[in-house]
Amino acid sequence: MEILLLITIVIIAVAFINFKDYLSNPHKRPQIQDSNNTFNEEFQSYEDPYKTLSKEEKIRKSEYGIMVSLMSKLAQSDGKVCELEEELMENTIEDIAQAILLQSAMNQKQEILEILHTIFRNTTEDVETLSLAYAELTKGQYKSRLKLVEYLLSLAYADGILGEKEREVILDVAAYLEIQNDDFNALYDSFVEFYSRELVYQDYKEACATLGVSEDSDMETIKKAYKDLVRQYHPDILHHKGLEESIIKNYTEKLQKINAAYEVIKKHKKEQGGE
């Protein structure tokens with residue numbers, strides 16, 4: 001009887017020591033695998049595919065980046081970019097950089113501008129791929145899509161002529177963005193009608209007045225005035241408040257008058273040997 005009691009006491013003592021060690025060393029406890037633990041482990045090991053993208057790739061895949069890429073495809077289509085078209089594109093890239101700066105964690109506008117210019121120079125995707133990606137990002141934003149097509153028309157017409165290859169690019173973009181035929185035709189016809197008009201000739205004095213420069217201003221001053229005016233009147237396609245405004249009515253007429261004045265002045269300066 002005494003031996004049995006002694007054995008019982010020893011068992012209880014060993015059990016107490018083991019339980020105390022169990023409480024003091026949680027890492028020694030057996031791990032119970034259940035569905036919740038498995039889910040937590042999988043969730044902790046998950047990596048957001050966008051987290052690993054570079055800044056350039058994030059911008060390139062965004063709505064803004066695709067807009068720049070489509071501008072690039074339009075510029076590449078005929079290989080010719082007039083001075084006004086170049087200024088309009090540059091101003092839009094500036095607007096896009098500012099929008100990204102305000103909406104993202106990136107805090108260096110110059111860095112954003114460099115990325116956007118890299119995207120513009122190195123766009124390799126075809127128009128279909130870019131347009132479908134833009135359509136995916138702008139579901140339910142029909143007016144924004146329509147404004148983009150109108151903007152591309154204004155760029156293509158900057159030199160006064162819509163080239164056949166430019167026209168093909170814009171038709172493809174409109175088709176992939178599911179722009180209704182009536183809406184596209186209304187835009188297209190408005191540009192055709194405007195550019196079929198004969199531009200009223202400006203003499204040198206009137207041209208200087210249009211740009212707000214004196215008749216004896218040097219070309220550096222004249223070019224700066226021209227750039228400032230183009231910047232002031234370039235189409236703003238990033239703000240929804242402007243979606244109802246006609247690019248023809250609010251921008252194109254002003255820009256064409258400014259551009260015509262600039263061309264008159266350049267020709268005059270060249271003839272005078274001052275360019």
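# A chain of helices, from its overall fold to single residues

Read from the N terminus, the elements of the chain follow the order α-α-α-α-α-α-α-α-α-α-α-α-α, a total of 13 helices and zero strands. Helices here are DSSP runs of H or I with at least four residues, strands are runs of E with at least two, and both are numbered from the N terminus. The model is a predicted one, in which local features need pLDDT of at least 70 and side-chain atom pairs count only at pLDDT 80 or more, while totals for chains, interfaces and linings use all residues. Residues are numbered from 1 along each chain as its sequence is written, and side-chain values use heavy atoms, with hydrogens and water left out.

Of the 275 residues in the chain, 38% count as buried, a word that stands for under 20% relative accessible area, with exposed meaning over 50% and partly exposed the range in between (1.4 Å probe, protein chains only). Contacts, taken as heavy atoms within 4.5 Å, often link distant parts of the sequence: among those between residues at least 6 apart, 75% join residues at least 24 apart.

A good place to start is helix α4, which spans residues 63–78. Because 13 of its 16 residues are buried, α4 is largely enclosed by the rest of the structure. After α4 comes Gly79, which has a positive phi near 70°.

Several residues can be followed around this part of the chain. Arg60 belongs to helix α3 (residues 55–60) and is buried, at a relative accessible area of 12%. Its side chain makes a polar contact with the side chain of Glu56 at 2.7 Å; a polar contact is a pair of N or O atoms within 3.5 Å, where within protein one must be able to donate a hydrogen and the other to accept it, and residues adjacent in sequence count only if both atoms are side-chain atoms. Once neighbours within four places in sequence are set aside, Arg60 is in contact with Gly65, Ile66, Thr118, Ile119, Asn122, Thr123 and Glu125.

Thr123, one of those partners of Arg60, sits in the loop between α6 (109–121) and α7 (127–137). Although it lies in a loop, Thr123 is buried, with a relative accessible area of 6%. The side chain of Thr123 makes a polar contact with the side chain of Ser69 at 3.3 Å, and it also reaches the backbone oxygen of Ile119 at 2.6 Å. Beyond its neighbours within four places in sequence, Thr123 is in contact with Arg60, Ser69, Ser72, Lys73, Gln76 and Leu130.

In helix α7 the residue to look for is Tyr134, which is buried with a relative accessible area of 2%. Leaving out neighbours within four places in sequence, the residues in contact with Tyr134 are Glu63, Ile66, Met67, Ser144, Arg145, Leu148 and Leu177. The C-alpha atoms of Tyr134 and Val173, which are 39 residues apart along the chain, are separated by 9.7 Å.

Further along, Phe194 is found in helix α10 (residues 181–196) and is buried, with a relative accessible area of 10%. Apart from neighbours within four places in sequence, Phe194 is in contact with Ile248, Thr252, Glu253 and Gln256.

The last part of the tour concerns helix α13 (residues 247–271) and its packing against helix α5 (residues 83–103), whose axis comes within 11 Å of that of α13 and crosses at roughly 130°. Axes are lines fitted to C-alpha atoms, for helices over the stretch in contact, and angles run from 0 to 180 degrees between N-to-C directions. The angle makes α5 oblique to α13, given that angles under 35 degrees count as roughly parallel, over 145 as roughly antiparallel, 65 to 115 as roughly perpendicular and the rest as oblique. In this contact Glu83, Leu84 and Leu88 of α5 meet Leu255, Gln256, Asn259, Tyr262 and Lys266 of α13.

Helix α12 (residues 219–233) also packs with α13, at an angle of about 170° and with the axes 10 Å apart, which makes α12 roughly antiparallel to α13. On the α12 side the contact includes Met219, Ile222 and Tyr226, and on the α13 side the residues include Tyr251, Leu255 and Ile258.
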